[in-house]
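Visitor: Got a minute to walk me through this one? I'd like to begin at the metal site.

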Amino acid sequence: MNVRTHSLARLAAAPLVATLALASPARAEWVSRTVDGIMGTRIVVELWSDDHAAGERAIDAVMAEMRHIDTTMSTYKPASEISRVNAHAAQGPVKISRELFGLLETALEYSRITDGAFDITYASVGFMYDFRARHRPTEQQISAALPAVNYHHLRLDRATHTVRFSQPGVRIDLGGIAKGYSVDRGIEILQKRGIRHAMVQAGGDSRIIGDRFGKPWIVGIRHPDRKDEVIARLPLVDTAISTSGDYERYFDENGVRFHHIIDPRTGHSASAVRSATVLAPTATRTDGLSKTAFVLGAEAAIAIYERLGDVDAIIVKPDGKVLYTKGLEPPPAAEPDANAPAGSK
Ligand code: ADP
Ligand code: MG
């Protein structure tokens, strides 16, 4: 059964393996590699190749592309293109590469689609959080920096390929979309080499092409609090999937969770949901959309996804309830009651 442009064979709400657990590789011809530390995350590539050496070379090319994107787009690297933009774009236009320009345009498109929930200028406040060090800005620091959070401050000029910030204090960070973008670039590289069955994953962002010999790839969605417990198991073919969760990068303080998804309206962690898993044709799209529900709430996010038409989602609310877009609703538990009045469920 195909669900819209991504295909989902069946949704089974059954406990199984851990997060993003894929069906176990069975044959030697599957070539796979896991590399930690690119873009601050784990990269996994798995592909089917008739020729093992060619498969390894294809993975080399994907990893090289991921390193290139990290070098260009990491705000943790002072010499990166994005760091140069953050240092100078408030003073005047900064000329940038075609690639970065394109991704900034895409980021703005997702700001518009999500009513501003996705906003790369979140970093104007976001840079003051350090989740590993359990550090957060004071309320005073947040309110001083908050006027700089607004995607309208980002001005792109297509004619000159420049970017500028319309006011001081603006910072951008592509942590919410660069991994999805890198996954799409990885898949493109594999497709150009004739590979038809593969999975590329960068942290919580993945994309799958083809199947596994007539069987779907199986992706599990973890429970927000119990990492070894799976709340749903998705059999997938030809789709991208991203999961955002408040359990990825966080610290708790007096019963309050401070985590890495920031509400651009408040500068605080966005806590309307615990996790959101988004399915769509590309990983840039699923990454750009997976933060929406944290900011706008599950129902508003689902309304946006259903309007888009090529997006499905599974959202875990703070009370543990799980919401699905219409395309993914699990099958009813029992046959409808034959005596029920017409029109009821
Ligand atoms: P991952 O980094 O594991 O892919 P997500 O896709 O959930 O996780 O993205 C979270 C990241 O998105 C944060 O670490 C931060 O860099 C960035 N981010 C946080 N809040 C926002 C926001 N409101 N809009 C865009 N990006 C955001
Ligand atoms: Mg992501």
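**Metal site, sheets and helices**

Guide: Asp205 is buried, at 5% relative accessible area (buried means under 20%, exposed over 50%, partly exposed in between, with a 1.4 Å probe and protein chains only). This is a predicted model, where local features need pLDDT of at least 70, side-chain atom pairs count only at pLDDT 80 or more, and totals for chains, interfaces and linings use all residues. Residues are numbered from 1 along each chain as its sequence is written, chains are lettered from A and ligands numbered from 1 in the order written, and side-chain values use heavy atoms, without hydrogens or water.

Visitor: Is Asp287 buried or exposed?

Guide: Buried, at 3% relative accessibility.

Visitor: Which protein donors does the magnesium ion have?

Guide: Asp205 (OD) and Asp287 (OD) are the protein donors of the magnesium ion (ligand 2), 2.2 to 2.4 Å from it. Donors are N, O and S atoms within 2.8 Å of the metal (3.2 Å for Na, K and Ca); water is not among the atoms, so sites may look incomplete.

Visitor: Where do the two sit in the chain?

Guide: Asp205 is in strand 8 and Asp287 in helix 7 (residues 283-289). They are 82 residues apart and link distant parts of the chain. Helices (H or I, at least four residues) and strands (E, at least two) are DSSP runs, numbered from the N terminus.

Visitor: What is the strand order in the sheet of 8 strands?

Guide: It reads 2-3-7-8-11-14-15-16, an open sheet with antiparallel pairing. Strands pair if DSSP finds at least two bridges between them. Strand 2 (30-38) and strand 16 (322-324) are the edges.

Visitor: How many bridges join strand 8 to strand 11?

Guide: 4, between residues 205-209 and 239-245. Ile208 stands opposite Thr239 there.

Visitor: New topic. At what angle do helix 1 and helix 3 pack?

Guide: About 75 degrees, with axes 11 Å apart. Axes are lines fitted to C-alpha atoms, for helices over the stretch in contact, and angles run from 0 to 180 degrees between N-to-C directions. The two helices are therefore roughly perpendicular (under 35 degrees is roughly parallel, over 145 roughly antiparallel, 65 to 115 roughly perpendicular, the rest oblique).

Visitor: Which residues make the contact?

Guide: Glu65, His68, Ile69 and Met73 of helix 1 meet Glu99, Leu100 and Leu103 of helix 3. Contact means heavy atoms within 4.5 Å.

Visitor: Which strands does helix 3 lie across?

Guide: Strand 5 and strand 6, at about 130 degrees to strand 5.
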